Amino acid sequence: MHKAPPVAVVRAAGPSRFARALLLSQGSINAPCVILDGASLELCVSHHQRLFMEVACAAPTVICCRCTPTQKADIVRLIRQTQSSAITAAIGDGGNDVGMIQAAHVGIGIEGREGKQAALAADFSLRQFSHLGRLVLWHGRNCYLRSATLSQFVIHRGLIISVIHAVFSALFYFAPIALYNGILVAGRATAQSPTRPHDTARVGNGARPSMTKFARGGSGVGGGGDHGPCA
């Protein structure tokens with residue numbers, strides 16, 4: 001019995017209904033996945049781009065094999081164009097992954113037998129793929145918390161200085177007089193620089209032993225040990 005092509009099956013069932021079925025099947029042991037080779041991927045991207053992205057984003061797993069370096073980079077760009085709220089991360093270990101790594105929001109290169117082209121072109125460099133968990137769960141989380149703390153510090157500092165200047169100008173009939181000179185503002189920013197986030201310190205002190213044990217295991221990022229990732 002002749003089987004219909006995958007695109008025809010999706011069209012017959014309706015793209016929205018098929019994507020909804022994939023979403024409902026996530027988390028199940030028998031959840032379906034999408035597997036494409038280079039030729040099928042070229043056909044879907046060229047002629048059924050909207051349908052392909054709807055099904056691919058609804059599927060729990062999408063595997064693309066036998067792809068050219070251009071196709072890898074095009075898939076990342078297509079995801080960034082269609083899913084504006086998504087953050088893409090590309091991981092590669094060879095020179096054929098450089099385009100994909102540079103097209104993603106975050107590029108991660110692995111130093112392997114194929115050379116260091118991917119590691120040199122990436123934002124972060126790893127020596128083993130197993131180090132990715134520590135990069136994301138430990139260093140990524142700390143970076144997120146520190147960036148949020150610094151942003152809050154800058155916002156509150158600007159609000160405090162602006163309010164004081166406004167009150168001072170109103171009391172002195174808006175005279176062109178500066179309350180703080182540059183040295184005082186710079187000194188205040190230096191003296192009240194943000195410290196280590198409390199949540200990060202709690203994790204480091206063992207408040208969450210499972211994450212701390214995993215993050216401080218034997219695997220290292222960048223140079224091994226407790227060193228951070230190499231950019």
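Visitor: Of the residues of this chain, what share counts as buried?
Guide: The model is a predicted one, and its chain has 231 residues. Taking a residue as buried when its relative accessible area is under 20%, the share of the chain that counts as buried is 29%.

Visitor: What part of the accessible surface of the chain belongs to carbon and sulfur atoms?
Guide: The accessible surface of the chain comes to about 15,100 Å². Of that area, the part that belongs to carbon and sulfur atoms is 60%.

Visitor: How many helices and how many strands does the chain have, and what share of its contacts with a separation of 6 or more joins residues 24 or more positions apart?
Guide: For the secondary structure, the count is eleven helices and five strands. Turning to the contacts with a separation of 6 or more, the share that comes from residues 24 or more positions apart is 54%.

Visitor: Which helix does the chain pass through between β3 and β4, and what is the handedness of that crossover?
Guide: Strand β3, residues 89–92, and strand β4, residues 106–110, run parallel and are joined by four bridges. Between these two strands the chain passes through a helix, which makes a β-α-β crossover. The helix is α6, and the handedness of the crossover is right-handed.

Visitor: Which residues of β3 are on its covered face, and which residue of β4 stands opposite alanine 90?
Guide: The uncovered face of β3 is made of Ala89 and Ile91, and isoleucine 91 has isoleucine 108 as its bridge partner in β4. The covered face of the strand consists of Ala90 and Gly92. Opposite alanine 90, in β4, stands glycine 107.

Visitor: How many residues of β4 are buried, and which residue of β5 stands opposite isoleucine 110?
Guide: β4 is mostly covered, with four of its five residues buried. This strand is also joined by three bridges to β5, residues 124–126, and the two run parallel. In β5, the residue that stands opposite isoleucine 110 is leucine 126.

Visitor: How many residues apart in sequence are the parts that the salt bridge of aspartate 97 and lysine 72 ties together?
Guide: The closest N and O atoms of aspartate 97 and lysine 72 are 2.8 Å apart in their salt bridge. Aspartate 97 belongs to the loop between β3 and α6, whereas lysine 72 belongs to helix α5, residues 69–82, so the separation in sequence of the parts tied together is 25 residues.

Visitor: Is aspartate 97 buried or exposed, and how does lysine 72 count?
Guide: Aspartate 97 has a relative accessible area of 6%, and because buried means under 20%, this residue is buried. Lysine 72 has a relative accessibility of 22%, which lies between the cut-offs of 20% and 50%, and therefore lysine 72 counts as partly exposed.

Visitor: How far apart in space are valine 98 and lysine 72, and which residues does valine 98 touch?
Guide: Valine 98 lies in helix α6, residues 98–103. Valine 98 and lysine 72 are 26 residues apart in sequence, but from C-alpha to C-alpha their distance in space is 9.5 Å. Leaving aside residues up to four places away in sequence, valine 98 touches Gln117, Ala118 and Ala121.

Visitor: How many salt bridges does the structure hold, and which residue meets glutamate 54 in one of them?
Guide: The structure holds three salt bridges. One of them has an N to O distance of 3.7 Å, and its two residues both lie in helix α4, residues 49–58, four residues apart, about one turn of the helix. Glutamate 54 counts as partly exposed at 25% relative accessibility, while its partner counts as exposed at 63%. That partner is arginine 50.

Visitor: Which residue forms a salt bridge with arginine 77?
Guide: Arginine 77 counts as partly exposed at 40% relative accessibility, and its partner is partly exposed as well, with a relative accessible area of 36%. Being three residues apart in helix α5, the two are separated by about one helical turn. Their side chains meet at 3.1 Å, N to O, and the partner is aspartate 74.

Visitor: Where is tyrosine 180 placed, and what is the area of the nonpolar surface patch that includes it?
Guide: The place of tyrosine 180 is the loop between α8, 132–171, and α9, 182–191, and this residue is partly exposed, with a relative accessible area of 32%. Ile160, Ile164, Leu179 and Leu184 make the nonpolar patch together with Tyr180, and its area is about 380 Å².

Methods:
Residues numbered from 1 in each chain as written. Predicted model: local features only at pLDDT ≥ 70, side-chain atom pairs only at ≥ 80, totals over all residues. Heavy atoms only, no water. Contact = heavy atoms within 4.5 Å. Patch = residues over 30% accessible without salt bridge, like charges linked within 9 Å, V, L, I, M, F, W, Y side chains within 5 Å. Areas by Shrake-Rupley, 256 points an atom, 1.4 Å probe, with all protein chains shown as cover. Buried < 20%, exposed > 50% of the residue type's maximum accessible area, 1.4 Å probe, protein only. Pairing = 2+ DSSP bridges. Right-handed = clockwise from strand over helix to strand, strands pointing away.
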